[in-house]
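User: Please take a close look at the part of this chain that its UniProt record annotates, and then show how it sits within the rest of the fold. I am in my first year, so kindly explain each term as it arises.

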Amino acid sequence: MHFPINENDTIVQPPYFYISGFSGIPHMKYYYVFIFFAFIISVLGNSFLMIVIYTDRSLHTPKYIAVFNLSITDLFESTSLIPQLLDTFLFGNQFISYAACLSNMFFVLLFWTMQSLTLTILSYDRLAAICFPLKYHMIVTRRSMFIIVAVAWTCSLVPLFVAIGFISKLSFCRSTVIESFYCDHGPMFRLACNNNFPSTVISFLSPSMFLWFPMLFILISYTCIFVTVLKIATSQDRVKALRTCTSHLMLVAIFYLPISITFGVGSKIHQNARIICLSMTSTIPPMLNPIIYTLKTEEFKVSVKKILKRKPIFPSRK
């Protein structure tokens with residue numbers, strides 16, 4: 001698809017883009033069915049997690065403020081991506097308007113970024129809890145956690161507004177086929193026929209800011225945690241300390257490993273493999289996060305049992 005450009009035109013905005021997505025991959029309908037069920041589990045699981053945290057006052061702690069924020073992020077990440085993905089490929093609606101494409105890009109990248117930053121916040125919480133147990137309640141308070149979460153949202157929103165602003169200044173006078181499963185930033189700005197240098201810089205800075213630096217912080221945090229745990233006298237206390245980190249470590253591995261491999265390999269990976277890997281990174285963590293916290297976190301299981309044992313507010317009349 002090509003659009004003519006005149007010398008007097010400064011910006012050419014096409015009426016629509018075409019998302020090519022999963023091309024030439026057999027039996028993709030089974031994958032779409034899997035994604036659909038992942039979406040249902042994500043919505044139900046994260047809604048349940050938020051309800052339990054909101055209902056039980058014993059979970060109104062700094063750690064669970066971050067967990068609640070992670071559930072919000074997961075819920076909206078799934079909602080912003082999966083219904084659009086299914087509508088695009090399962091039902092063949094691969095044309096998307098210019099404005100809808102920018103909106104899709106903004107929300108998918110926003111919640112993906114917030115998931116990365118929230119996992120980093122949770123690693124900070126574990127670092128303070130294990131390495132500075134006597135000062136933990138002074139270092140990590142509810143107020144400080146609210147501030148940290150607010151800063152994370154700000155750090156996610158501002159660069160995205162800048163990125164979308166630069167995209168809106170690009171002219172798309174050649175191809176409008178986006179080789180991704182959504183309106184991805186990189187595959188979209190590279191289609192421009194005018195100067196896309198600012199978008200190129202953003203495409204290099206964003207992974208550093210929201211992927212590599214958070215990963216580095218998490219690695220340093222857990223190095224300090226493991227050094228501290230090794231200094232604990234009894235093996236029972238060491239196991240108890242490590243057990244408080246297992247849920248978070250599982251979430252970190254599920255989120256960061258596939259996406260870091262994909263970005264690390266870069267152009268060496270096949271386009272379809274890259275698309276499938278990134279789509280799974282965007283759908284599987286939101287599905288598994290609430291399951292892991294429900295099954296692996298003892299205080300959360302206790303809270304669920306308390307809520308289930310509560311008497312009804314309006315007793316039945318005989």
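Analyst: The UniProt record, an unreviewed entry, places the annotation "transmembrane region" on residues 30-52, 95-124, 145-167, 209-233 and 245-266. Such positions are given in the numbering used here, with feature names shortened, and the annotations may be inferred rather than shown by experiment. The model is a predicted one, in which local features need pLDDT of at least 70 and side-chain atom pairs count only at pLDDT 80 or more, while totals for chains, interfaces and linings use all residues. Residues are numbered from 1 along each chain as its sequence is written, and side-chain values use heavy atoms, with hydrogens and water left out.

Two of the annotated spans may be described in detail. Residues 145-167 are 100% helix and 0% strand, and the C-alpha atoms at the two ends lie 33 Å apart. For residues 209-233 the helix content is 88%, again with 0% strand, and the end C-alpha atoms are separated by 38 Å. Helices (H or I, at least four residues) and strands (E, at least two) are DSSP runs numbered from the N terminus.

The whole chain contains 10 helices and three strands. Read from the N terminus, their order is β-α-α-β-α-α-α-β-α-α-α-α-α. The C-alpha trace spans about 70 × 60 × 35 Å along its principal axes. Of the contacts with a separation of 6 or more, 78% join residues 24 or more positions apart, a contact being heavy atoms within 4.5 Å.

Next comes the interior. Of the 318 residues, 47% count as buried; buried means under 20% relative accessible area, exposed means over 50%, and partly exposed lies in between (1.4 Å probe, protein chains only). The largest nonpolar core has 81 residues, and F22, F181 and M188 touch the most other members. Helix α3 (residues 98-131) contributes the most to this core, namely 20 residues. A nonpolar core is a set of buried Ala, Val, Leu, Ile, Met, Phe, Trp, Tyr and Cys residues joined through side-chain atoms within 4.5 Å. M188 offers a detailed example: apart from neighbours within four places in sequence, M188 is in contact with F17, C101, L102, M105, I167, F172 and I178.

The surface also has a nonpolar feature. The accessible surface of the chain is about 16,900 Å², and carbon and sulfur atoms account for 69% of this area. Accessible areas come from the Shrake-Rupley method with a 1.4 Å probe, and for residues only the protein chains shown count as cover. V33, F36, F37, I40, I41, L44, I291 and L295 together make a nonpolar surface patch of about 720 Å². Patches consist of residues with over 30% relative accessible area and no salt bridge, where like charges are joined within 9 Å and nonpolar side chains (Val, Leu, Ile, Met, Phe, Trp, Tyr) within 5 Å. Helix α1 (28-55) and helix α9 (271-296) each supply at least two residues of the patch, and the largest share, six residues, comes from α1. I291 belongs to helix α9 and is partly exposed at a relative accessible area of 33%.

Another partly exposed residue is A253, with a relative accessible area of 32%. A253 is located in helix α8 (residues 235-265). P285 is 32 residues from A253 along the chain, and their C-alpha atoms are 9.6 Å apart.

Finally, charged pairs deserve attention. Side chains of opposite charge can pair when their charged atoms come close. The whole structure holds five salt bridges, each defined as a side-chain nitrogen of Lys or Arg within 4 Å of a carboxyl oxygen of Asp or Glu. One of them joins the side chains of K306 and D56, at 3.5 Å from N to O. Because K306 lies in helix α10 (residues 298-309) and D56 in the loop between α1 and α2 (62-90), this pair ties together parts that are 250 residues apart in sequence. K306 is partly exposed at 38% relative accessibility, whereas D56 is buried at 4%.

In a further salt bridge, R126 and D125 have their closest N and O atoms 2.7 Å apart. R126 is buried at 10% relative accessibility, and D125 is buried at 0%. K301 and E298 form a salt bridge as well, with 3.7 Å between the closest N and O atoms. Both K301 and E298 lie in helix α10, three residues apart, which is about one turn of the helix. K301 is partly exposed at 28% relative accessibility, and E298 is partly exposed at 47%.
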